[in-house]
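Hi,

Here is the structure I promised to send over. Have a look at it first, and then read my notes underneath.

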Amino acid sequence: MFNDIGPLELVTIIVLAVLVFGPDKLPKVIQDVMRTIRKIREFSESAKQDIRSELGPEFKDFEFEDLNPKTFIRKQLDNDELGLKEIRNGFDLKKEMAEVTDAVHSRDTGTSASSGSSGGRVDMTKKPETPGDDDRPPFDADAT
């Protein structure tokens, strides 16, 4: 629950608690907080047991932590029935990228030889078309 609280933050909380409640009342406040936390845990455990008993015997192994989407997905992906481990282990990203790179370079060299462009590069810049002397500009009937 408090996994992300560091030692410095814990010391800061303790110092603030001593300043706010005072050294005389602090043990009583800690006891009250602990009692409240215990009651909340007991209430949640009894609620979980009630839900399990209402669901029936087919859900006796039901875990409420499985309702967390992250846990659910991790559990399903670790399941060996789908064969995802073989797919994940059989996929080599470096090999796939090398194949794609080779395919792109072979296509690039094949088109540059036929197009006759300078240095084997394709000019991808957009050049404005200059209309010929007899060419009329395009007519758009909707624009007029």
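Below is what turned up when I went through it, starting with the overall picture and ending with the surface patches.

One thing to keep in mind throughout: this is a predicted model.

**Overall picture**

The fold is quick to describe, with four helices and zero strands. Read from the N terminus, the order of elements is α-α-α-α. Of the protein's 144 residues, 6% come out as buried. The accessible surface is about 13700 Å², and carbon and sulfur atoms account for 60% of that.

**A buried arginine**

Which residues does arginine 52 touch, once those up to four places away in sequence are set aside? They are Phe62, Glu63 and Phe64. Arginine 52 itself sits in helix 1. Its relative accessibility is 18%, so it counts as buried, the cut-off being under 20%.

**Salt bridges**

How many salt bridges are there? The count comes to three, and here they are one by one.

Start with lysine 28 and aspartate 32, whose side chains meet in a salt bridge at 3.4 Å, N to O. The two residues are four apart in helix 1, so about one helical turn separates them. Both count as partly exposed: lysine 28 has 48% relative accessibility, and aspartate 32 has 30%.

Aspartate 32 has another partner, since it also forms a salt bridge with arginine 35, where the closest N and O atoms are 3.1 Å apart. Here the spacing is three residues within helix 1, which again means a separation of about one helical turn. Arginine 35 is partly exposed too, at 39% relative accessibility.

The remaining pair is glutamate 45 and lysine 48, with side chains meeting in a salt bridge at 3.9 Å, N to O. Why are these two about one helical turn apart? Because they are three residues apart in helix 1. Glutamate 45 has a relative accessible area of 40%, so it is partly exposed. Lysine 48 has 24% and is partly exposed as well.

Which residues end up in one network through salt bridges that share partners? Lys28, Asp32 and Arg35 do.

**Surface patches**

There is a nonpolar patch on the surface, made up of Val11, Val15, Leu16, Leu19, Val20 and Phe21. Together these residues have about 590 Å² of accessible area. Take leucine 19 as one of its members: it lies in helix 1, which covers residues 7-55. Is leucine 19 buried or exposed? With a relative accessible area of 66%, it is exposed, because the cut-off for that is over 50%.

There is also a negative patch on the surface, formed by Asp92, Glu96, Glu99 and Asp102. Where does aspartate 92 lie? You will find it in the loop between helix 3 (84-90) and helix 4 (93-115). Aspartate 92 has 39% relative accessibility, so it counts as partly exposed.

**If you want a short tour**

Go to helix 1, the home of leucine 19 and of arginine 52. Lysine 28 and aspartate 32 are in helix 1 as well, and so are glutamate 45 and lysine 48. Then move to the loop between helix 3 and helix 4 for aspartate 92, and look at the negative patch that it forms with Glu96, Glu99 and Asp102.

Cheers

Note on methods
Residues are numbered from 1 along each chain as its sequence is written. This is a predicted model: local features need pLDDT of at least 70, side-chain atom pairs count only at pLDDT 80 or more; totals for chains, interfaces and linings use all residues. Side-chain values use heavy atoms; hydrogens and water are left out. Patches are made of residues with over 30% relative accessible area and no salt bridge: like charges are joined within 9 Å, nonpolar side chains (Val, Leu, Ile, Met, Phe, Trp, Tyr) within 5 Å. Accessible areas come from the Shrake-Rupley method with a 1.4 Å probe; for residues, only the protein chains shown count as cover. A salt bridge is a side-chain nitrogen of Lys or Arg within 4 Å of a carboxyl oxygen of Asp or Glu. Lys and Arg count as positive and Asp and Glu as negative; His and the chain ends are not counted. The place of a charge is taken as NZ of Lys, CZ of Arg, CG of Asp or CD of Glu. Buried means under 20% relative accessible area, exposed over 50%, partly exposed in between (1.4 Å probe, protein chains only). Contact means heavy atoms within 4.5 Å.
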